[in-house]
Amino acid sequence: MKRSDSSIQKKLMRVMLLTSGAVLFLTCTSYFVYEIVTFRQVTEAQLVIVGKMIATNSTAALAFDDSGEGEEILHALQADPQIVAAGLYDGRGKLFSRYPDSLSYLNFPAAPRGDGYAFSRSHLEGFQPVVQGDKRLGTLYLKMELSAVYQRLQLYGLIAFGVIGFSFLLAYTLSRELQKVISEPILSLAQTARVVSQRFDYSVRAKKIGNDELGLLTDAFNTMLGQIEAQNQEIRTFNQSLEQKVRERTHELELANQELKRKNEFVRTIIHSSVQIIAVLDQQMRYTAINKSFEQLYRVDRQQVVGRSLTEVFPQTKDTQVERDIREALRGNPVHHAVARSAVIPGYFETHFIPLKEKEDVYGVLLVSHDITRIIEVNDQLKKANQELIRSNQDLGQFAYVASHDLQEPLRKIQVFAELLRHKRHDETETQRYLEKVHAASGRMTTLIQDVLSYSRLARTEESLVETNLNAILDQVKSDFDLLIQQKGATIICSNLPVVKGIPAQLGQLFANLISNALKFNRQNPLIRITVRELPESSRALYESLSQAQAYWEIQVIDNGIGFESQYSQQIFTIFQRLNNQQTYSGTGIGLALCRKIVENHQGVIVASSEPGKGATFTVVLPQCIAGIAAPSSE
Amino acid sequence: MWVACLLLLAAVGLHAQPAPSLEDRVKAVFLFNFTQFVAWPEQAFPAAEAPLVIGVLGENPFGTYLREVVTGETMGSHPIVVEHYREGKDLKPCHILFVSAGNTHRLPEILQECQEKGILTVGDAPAFLAMGGMIRLYRQAGKIRLQINPERTRAAGLTLSAKLLRLADLSVP
């Protein structure tokens with residue numbers, strides 16, 4: 001058993017025995033050493049005193065050379081049996097007297113050595129001076145046997161040993177009894193502690209012995225046991241209630257979880273079934289969620305998009321309005337665009353950029369976008385239809401005006417001349433003149449009605465477009481105007497014209513009107529040039545109604561006629577708009593309106609430019625068909 | 001140097017004495033030793049440094065030996081000197097006076113005078129004590145022995161050490 005493991009009883013006894021043993025040993029040893037030292041000192045001092053007495057007494061014997069007297073003085077040493085030899089040396093160092101007589105002078109030192117005594121193994125011997133006054137007369141030698149001293153020391157040692165042994169025995173017996181005072185309460189405490197730790201029985205209590213610190217310890221231990229017991233009970237109760245609480249909480253949590261799942265699923269369903277495009281981006285503008293509409297519209301897969309940034313998924317959005325809007329929303333400001341063109345796909349969208357906040361910190365942006373392309377398109381169509389309606393309305397208004405004015409004018413003439421004819425029916429020549437006037441007015445009325453009819457028919461026409469060779473159309477027009485061309489002495493210079501998709505009768509009417517205009521508004525021999533070229537892309541922007549994706553022909557009819565003020569270049573295409581009076585230049589004011597109608601029917605544009613007296617240029621822009629330019633007709 | 005030698009020769013020639021015998025040399029040492037065992041009264045010395053004088057009267061058996069023995073010796077604070085007196089009338093104040101055996105002329109008076117002056121008188125004549133001396137030195141079994149008249153020394157005011165008295169023959173003739 002290790003020492004630290006041995007019982008406290010043994011430890012206590014060991015402590016007591018070791019302490020008392022050490023004390024006893026030290027005491028006896030120091031006493032013994034002290035004895036030896038003092039014994040030597042005392043012995044030497046006594047010897048010195050004896051020597052001094054002998055030396056003092058023997059001065060006269062030495063001074064007056066009386067060795068017999070010296071020996072007599074030395075004989076006094078008989079009183080001390082321990083002094084075994086003594087001798088007097090004279091001033092010259094010769095042995096003068098000796099004691100005892102029986103001892104041979106050979107046993108004495110031949111001559112005195114230095115003064116003083118020294119211990120040998122068994123003797124104390126030495127010299128001391130013989131002095132009278134301040135004059136040294138000789139030296140005294142003394143030798144003392146120490147066996148008696150040592151015998152005495154042995155006796156002391158024996159006694160000390162006996163005392164140690166007895167004391168140790170006494171200490172053992174006493175400690176055996178005394179240690180119980182301390183060890184018994186501790187052992188009892190230890191026994192109780194063992195019972196507690198082995199059986200976990202906190203109801204046992206240690207027996208208290210006395211009111212000292214150990215008694216206090218026992219009390220404290222018992223109090224502690226009591227507290228542990230109480231706390232154990234408390235913990236058990238607490239545990240039970242805790243378990244109950246945990247069960248309740250778990251149940252609540254499960255319910256909440258189910259509810260949450262249900263809600264989540266609900267929200268997910270709403271988001272994914274929404275026709276709106278929904279996306280969530282984080283602070284680094286990375287997609288964290290997108291819905292089905294998003295996937296379908298942009299033709300992407302959720303796995304390709306989520307976790308990547310906007311500009312990674314759609315590089316074309318870099319530095320566009322979308323990116324700026326998202327940044328703005330990340331700063332906490334909602335952004336809304338009622339109409340915005342998409343940077344990724346063709347189309348229009350209404351978009352909301354809504355900052356997602358958590359305690360004032362923006363952690364992302366909710367992007368909700370609604371495809372309004374179809375609405376915009378329909379809107380455009382509506383706008384167009386509306387414009388059409390407005391113009392048609394205007395046409396109707398003009399038509400009413402014609403009905404009330406242009407048609408009434410020849411009718412009024414017919415009424416006036418018919419009245420005059422009734423009053424002057426006897427006057428043959430007058431009658432003839434009035435009848436002619438009536439005839440002319442009615443003829444003009446017929447022309448007007450025919451023109452109006454043809455215009456209105458044009459508006460309603462639903463004929464399909466066919467490939468039409470414009471060269472053939474122009475040849476037909478030239479032959480129709482053959483007589484007038486000859487009368488006016490006109491020249492028509494015409495380049496090779498293309499084949500276009502169109503309605504041949506309408507295209508014939510178009511060229512007939514343009515050429516008839518050029519022949520009509522001219523005071524000299526008319527020169528008419530017809531040119532054609534592909535409309536340059538740069539010029540295409542001049543005409544807003546043209547499609548950007550379509551190629552066009554530009555056909556110009558240039559004359560050297562009277563021209564018109566450039567401010568009228570739009571007005572002249574309005575129905576019944578005449579720039580010149582009817583007396584000088586005949587016409588109904590419908591021709592150019594008819595031309596515009598025809599060109600618009602062919603998705604083209606017609607414009608005019610002129611200065612008074614410098615001729616006019618009519619430019620007709622028509623869409624190209626795939627066939628390209630046709631070969632000129634044989635004529 | 002030559003002068004010193006001449007002076008020495010003259011002195012030797014003047015005394016013309018043989019070298020002292022062993023016995024005389026022992027006696028010279030005894031004379032000196034008496035200074036260690038005898039106490040003189042205070043008034044015997046006029047000053048603290050005054051010398052202790054050993055006088056030799058008449059014939060001087062010691063030659064220069066006694067002077068050699070006492071050279072550098074002292075008794076307490078008193079240096080020891082030796083003086084020599086040819087006759088009784090030459091006597092000067094001293095502390096120890098040695099009278100050799102041959103000098104008997106007017107001796108009792110001189111000794112009496114010395115006793116009165118507190119001078120320790122030492123002699124080796126057989127009748128020295130009878131003539132009024134204080135210490136007689138005599139030869140016995142090859143050794144020099146002492147005979148002392150303590151009454152006279154006491155009368156002279158001298159104190160002799162008991163140790164000295166123990167050695168001596170105190171029987172008064």
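**Exercise 1. Classify A:Arg374 by its accessibility and describe its salt bridge.**

Start with the accessibility: A:Arg374 has 55% relative accessibility and therefore counts as exposed (buried means under 20% relative accessible area, exposed over 50%, partly exposed in between, with a 1.4 Å probe and protein chains only). Next, look at its partner: the side chain of A:Arg374 meets that of A:Glu377 in a salt bridge, 3.2 Å from N to O (a side-chain nitrogen of Lys or Arg within 4 Å of a carboxyl oxygen of Asp or Glu). A:Glu377, at 39% relative accessibility, is partly exposed. Finally, place the pair: both residues lie in helix H10 (residues 373-404) of chain A, and because they are 3 residues apart, about one helical turn separates them. Helices are DSSP runs of H or I with at least four residues, numbered from the N terminus.

A word on the model: it is predicted, so local features need pLDDT of at least 70 and side-chain atom pairs pLDDT 80 or more, while totals for chains, interfaces and linings use all residues. Residues are numbered from 1 along each chain as its sequence is written, chains are lettered from A and ligands numbered from 1 in the order written, and side-chain values use heavy atoms, leaving out hydrogens and water.

**Exercise 2. Find the partner of B:Arg166 and say where each residue lies.**

First, the partner is A:Glu69, with the closest N and O atoms 2.2 Å apart. Then note that this salt bridge crosses between chains, from helix H6 (residues 162-167) of chain B to helix H3 (residues 67-75) of chain A. Last, check the acid: A:Glu69 is buried, at a relative accessible area of 10%.

**Exercise 3. Compare B:Asp24 with the pair B:Lys89 and B:Glu87.**

Begin with B:Asp24, in helix H2 (residues 22-37) of chain B. B:Asp24 is buried but has no salt bridge; B:Lys27, the nearest side chain of opposite charge, is 4.3 Å away (Lys and Arg count as positive, Asp and Glu as negative; His and the chain ends are not counted). Now follow B:Lys27: a network of salt bridges links this residue with B:Glu23, B:Asp124 and B:Arg139. Turn then to B:Lys89 and B:Glu87, whose side chains do meet in a salt bridge, at 3.1 Å from N to O. B:Lys89 is exposed, with a relative accessible area of 63%, and B:Glu87 is partly exposed, with 42%.

To set these pairs in context, the whole structure has 26 salt bridges over all chains.

Methods:
Helices (H or I, at least four residues) and strands (E, at least two) are DSSP runs, numbered from the N terminus.
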